[in-house]
Structures are given as structure tokens and as C-alpha cells.
Amino acid sequence: MTDEDFMREALHLAEHAALAGEVPVGAVVVKDGEIIGRGFNAPISKQDPSAHAEMMALRDAAQRVGNYRLVDCELFVTLEPCVMCVGAMFHARIARVVFGATEHKTGAAGSVLNLFEESRLNHHAKIEGGVLAEECAKVLSDFFAMRRAQQKAL
């Protein structure tokens, strides 16, 4: 499978988040070309501020492999990760992070700051942004346009 294939799976998961009224972000963890963890945004439904798509995918993968270290794994996410999620990726020892759309308010992979280039941190991952960026951004912009339209109707 290609990076685009894995990102399409993350986009599919983002749709689950949108249907639940959550910001549509999806993520998958991949090891040796196989998806071992899946997640989508759920902080509202779970009443958990840490229930971002990346965190959910990391938890799923860790449970499946029986270890919180996810060495040699890759994480694909539809939106540039935030500081919290990058921190969890570092603790899990994710080797590579691939994201779709940039996040100009909270992005910690280059938009606001880049933790992946912070030399004082003890773990670094390869980072690649922009995979299916337009599709990933459209899912988000459509969701927020719908939400604004619903607010106007009230």
C-alpha cells in the first residue's frame, strides 16, 4: 500500500468522527505495511480532551502489539498534529509521521512550531506533510461550513 492508500483509510475514519459530530480527523498506525491501529477524533463523545485521532490510533496500536513502544511504526493523520499528539508519538517512538492538511492554529509539525526539529528532545521522527492535503482540508472545511449553516438556522 502507498502513503495515499493509508491516508485514504485515515480519511474514512475522519468521516466516522464527522458523523458523530466531532471534528473530522482520522489516523492510522502502520507497521510493516499493515494497519495496526485506527482512531478518529472523539473528545466530545468521550468527554476526554486527549481523545484526538492520533491518540486513539496510538492506543489501539499499543493494545494490539502489547507494548506502548511502537518502534518502526508510521502514523498517518488527516490533519497536522498538535503538541499533545506529537509528544505521544515521541513517547511511543513512532518512526515516521505523515499528515494531510496543515493546522495553522495548533500545528506542531511546522505550521505554528515544529517539535520534530527540536534538537533538545530525545526522540525524532521523520515528518511528511501534504499527502492528499486538498481532500483532507475539504473534509474539514465542509464540516465547519455545515456547522456554521446549522448555527445560522437556529
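This report describes selected features of a predicted model: a strand hairpin, a buried acidic residue, aromatic pairs and salt bridges.

**The hairpin of E1 and E2**

Strand E1 covers residues 26-31 and strand E2 covers residues 34-40. The two strands run antiparallel and are joined by six bridges. One of the residues involved is Val28, whose bridge partner in E2 is Arg38. Two residues stand between the strands of this hairpin, and Asp32 takes a positive phi near 50° there. In a regular strand, side chains alternate between the two faces of the sheet.

**Glu22, a buried residue without a salt bridge**

Glu22 is found in the loop that lies between helix H1 (3-19) and E1. What is the nearest side chain of opposite charge to Glu22, and how far away is it? It is Arg147, at 6.9 Å. Glu22 is buried and has no salt bridge. A salt bridge requires a side-chain nitrogen of Lys or Arg within 4 Å of a carboxyl oxygen of Asp or Glu, so the distance of 6.9 Å to Arg147 does not qualify.

The side chain of Glu22 does have a polar atom that lies 2.6 Å from the backbone nitrogen of Ser45. When neighbours within four places in sequence are left aside, the residues in contact with Glu22 are Ala17, Asn41, Ala42, Pro43, Ile44, Ser45 and Phe143.

**Aromatic pairs**

Three aromatic pairs are found in a search of the whole structure. One of them is formed by Phe6 and Phe76: their ring centres are 5.1 Å apart and their planes stand at 40°, so this pair is tilted. Phe6 belongs to helix H1 and Phe76 to strand E3 (residues 73-79); the pair therefore ties together parts that are 70 residues apart in sequence. Phe6 and Phe76 are both buried.

Another pair is formed by Phe90 and Phe116, with ring centres 5.3 Å apart and planes at 90°, so it is edge-to-face. This pair links distant parts of the chain, 26 residues apart: Phe90 is in helix H4 (residues 83-92), whereas Phe116 is in the loop between strand E4 (96-101) and strand E5 (126-129). Phe90 counts as buried because its relative accessibility is 9%. Phe116 is also buried, with a relative accessible area of 5%.

**Salt bridges**

The whole structure contains eight salt bridges. Three of them are listed below, each with its N to O distance.

| Residues | N to O distance |
|---|---|
| Glu74 and Arg96 | 2.7 Å |
| Glu128 and Arg96 | 2.8 Å |
| Glu118 and Arg120 | 2.6 Å |

Glu118 is partly exposed, with 23% relative accessibility, whereas Arg120 is exposed at 72%. Salt bridges that share partners join Asp3, Glu74, Arg96 and Glu128 into one network.

Within this network, Arg96 forms salt bridges with Glu74 and with Glu128. Glu74 lies in strand E3 and Arg96 in strand E4, so their salt bridge ties together parts that are 22 residues apart in sequence. Is Arg96 buried or exposed? Arg96 is buried, with a relative accessible area of 17%. Its partner Glu74 counts as partly exposed at 22% relative accessibility. The pair of Glu128 and Arg96 links distant parts of the chain, with Glu128 in strand E5 and Arg96 in strand E4, 32 residues apart. Glu128 counts as partly exposed, at 32% relative accessibility.

Key:
Residues numbered from 1 in each chain as written. Predicted model: local features only at pLDDT ≥ 70, side-chain atom pairs only at ≥ 80, totals over all residues. Heavy atoms only, no water. Pairing = 2+ DSSP bridges. Helix = DSSP H or I, 4+ residues; strand = E, 2+ residues; numbered from the N terminus. Buried < 20%, exposed > 50% of the residue type's maximum accessible area, 1.4 Å probe, protein only. Lys, Arg positive; Asp, Glu negative; His and termini not counted. Polar contact = N/O pair within 3.5 Å; in protein donor to acceptor, adjacent residues only side chain to side chain. Contact = heavy atoms within 4.5 Å. Phe/Tyr/Trp six-rings, centres within 6.5 Å; stacked < 30°, edge-to-face > 60°.
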